[in-house]
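Visitor: I've never looked at this structure before. Could you show me how to read it?

Guide: Happy to, let's bring it up.

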Amino acid sequence: MKTILNLIWLVFSGFWLFLGYLVAGLLLCITIIGIPFGVAAFRIGVYALWPFGYTTVERRDAGAPSFIVNVLWLILAGWWLALGHIVTGFLLCVTIIGIPLGVANFKLIPVSLFPLGREIVRTDRAFTDRW
């Protein structure tokens with residue numbers, strides 16, 4: 001089921017989100033200061049390409065620098081990205097077939113708000129490797 005949902009997602013949303021995050025990541029990596037933001041954009045892009053069967057977990061070793069950069073990300077880009085995911089999530093939920101796609105879009109909101117200090121893992125391993 002995950003594969004079918006991922007293929008439908010890839011055609012209708014995932015590929016375009018991936019391209020958008022890829023372009024944003026390339027633009028952010030132009031400057032040295034933007035490299036952490038660019039890497040975060042690449043990570044979100046890969047997650048947006050194939051979201052079913054994966055989730056995000058907080059990294060325990062992420063400290064104060066991650067927090068500071070996340071606040072900066074939230075102010076500059078995260079708020080707008082999350083708003084875009086909310087709008088497209090609601091639009092995808094209009095049809096019955098689109099409801100799982102809308103839920104996947106809602107799943108991208110936390111990582112688009114605070115991408116640093118998060119790790120993308122398979123859903124079956126989300127909590128087993130943590131303890």
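Guide: We'll go from the overall layout to the way the helices pack. Keep in mind that this is a predicted model.

Visitor: Where do I start? How many helices and strands are there in the chain?

Guide: Start by counting the elements, then put them in order. Here you'll find five helices and two strands. Walking along the sequence, you meet them as α-α-β-α-α-α-β. The radius of gyration of the chain is 15 Å, close to the 14 Å that the globule rule gives for 131 residues, so the chain is as compact as a globular protein of that length. If you'd like its extents, the C-alpha trace spans about 40 × 35 × 20 Å along the principal axes.

Visitor: Now the helices. At what angle do the axes of helix 1 and helix 2 cross?

Guide: For a pair of helices, look at the angle and at the approach of the axes. Helix 2 covers residues 35-49, and its axis crosses that of helix 1 at roughly 170 degrees, coming within 8 Å. Angles over 145 degrees count as roughly antiparallel, so helix 1 is roughly antiparallel to helix 2.

Visitor: Which residues of helix 1 and helix 2 make the contact?

Guide: Quite a list! From helix 1 they include Trp 9, Phe 15, Phe 18 and Tyr 21, while helix 2 brings, among others, Ile 35, Phe 37, Ala 41 and Phe 42. Sorted by class, the contact of helix 1 with helix 2 has 17 nonpolar, four polar and no charged residues.

Visitor: And how do helix 1 and helix 4 pack?

Guide: Use the same reading again. Helix 1 runs over residues 2-28 and helix 4 over residues 99-107; they pack at about 50 degrees, with axes 10 Å apart. The two are therefore oblique to each other. You can also ask about handedness: helix 1 passes helix 4 in a right-handed crossing.

Visitor: Which residues meet there, between helix 1 and helix 4?

Guide: On the helix 1 side, Leu 5, Ile 8, Trp 9 and Leu 17; on the helix 4 side, Pro 100, Leu 101, Ala 104 and Asn 105. By class, the helix 1 contact with helix 4 comes to seven nonpolar, one polar and no charged residues.

Visitor: What about helix 3 and helix 4: at what angle do they cross?

Guide: Helix 3, residues 64-92, crosses helix 4 at roughly 170 degrees, and their axes come within 7 Å. That makes helix 3 roughly antiparallel to helix 4. The crossing of helix 3 past helix 4 is left-handed. Their contact involves His 85, Ile 86, Thr 88, Gly 89, Phe 90 and Leu 92 of helix 3, plus Ile 99, Leu 101, Gly 102, Asn 105 and Phe 106 of helix 4. The class count for helix 3 with helix 4 is six nonpolar, five polar and no charged residues.

Visitor: Where does UniProt place the feature "transmembrane region"?

Guide: Take a record's spans and lay them over the model. The unreviewed UniProt entry puts that feature at residues 7-24, 30-50, 62-81 and 87-108. Residues 62-81 are 90% helix and 0% strand, with end C-alpha atoms 22 Å apart. For residues 87-108 the helix share is 68%, and the end C-alpha atoms lie 12 Å apart.

Visitor: Which residues does UniProt list for "domain: Inner membrane component"?

Guide: The unreviewed entry lists residues 4-53 and 68-118. Residues 4-53 are 80% helix, and their end C-alpha atoms lie 11 Å apart. Residues 68-118 are 76% helix and 2% strand, with 14 Å between the end C-alpha atoms.

How values were computed
Residues are numbered from 1 along each chain as its sequence is written. This is a predicted model: local features need pLDDT of at least 70, side-chain atom pairs count only at pLDDT 80 or more; totals for chains, interfaces and linings use all residues. Side-chain values use heavy atoms; hydrogens and water are left out. Axes are lines fitted to C-alpha atoms, for helices over the stretch in contact, and angles run from 0 to 180 degrees between N-to-C directions. Helices (H or I, at least four residues) and strands (E, at least two) are DSSP runs, numbered from the N terminus. Angles under 35 degrees count as roughly parallel, over 145 as roughly antiparallel, 65 to 115 as roughly perpendicular and the rest as oblique. A crossing is left-handed if the near helix is turned anticlockwise from the far one by less than a right angle, and right-handed if clockwise. Contact means heavy atoms within 4.5 Å. Ala, Val, Leu, Ile, Met, Phe, Trp, Tyr, Cys and Pro count as nonpolar, Asp, Glu, Lys and Arg as charged, and the others, Gly among them, as polar. UniProt positions are given in the numbering used here, feature names are shortened, and annotations may be inferred rather than shown by experiment. The radius of gyration is taken over C-alpha atoms; the globule rule is 2.2 Å times the number of residues to the power 0.38.
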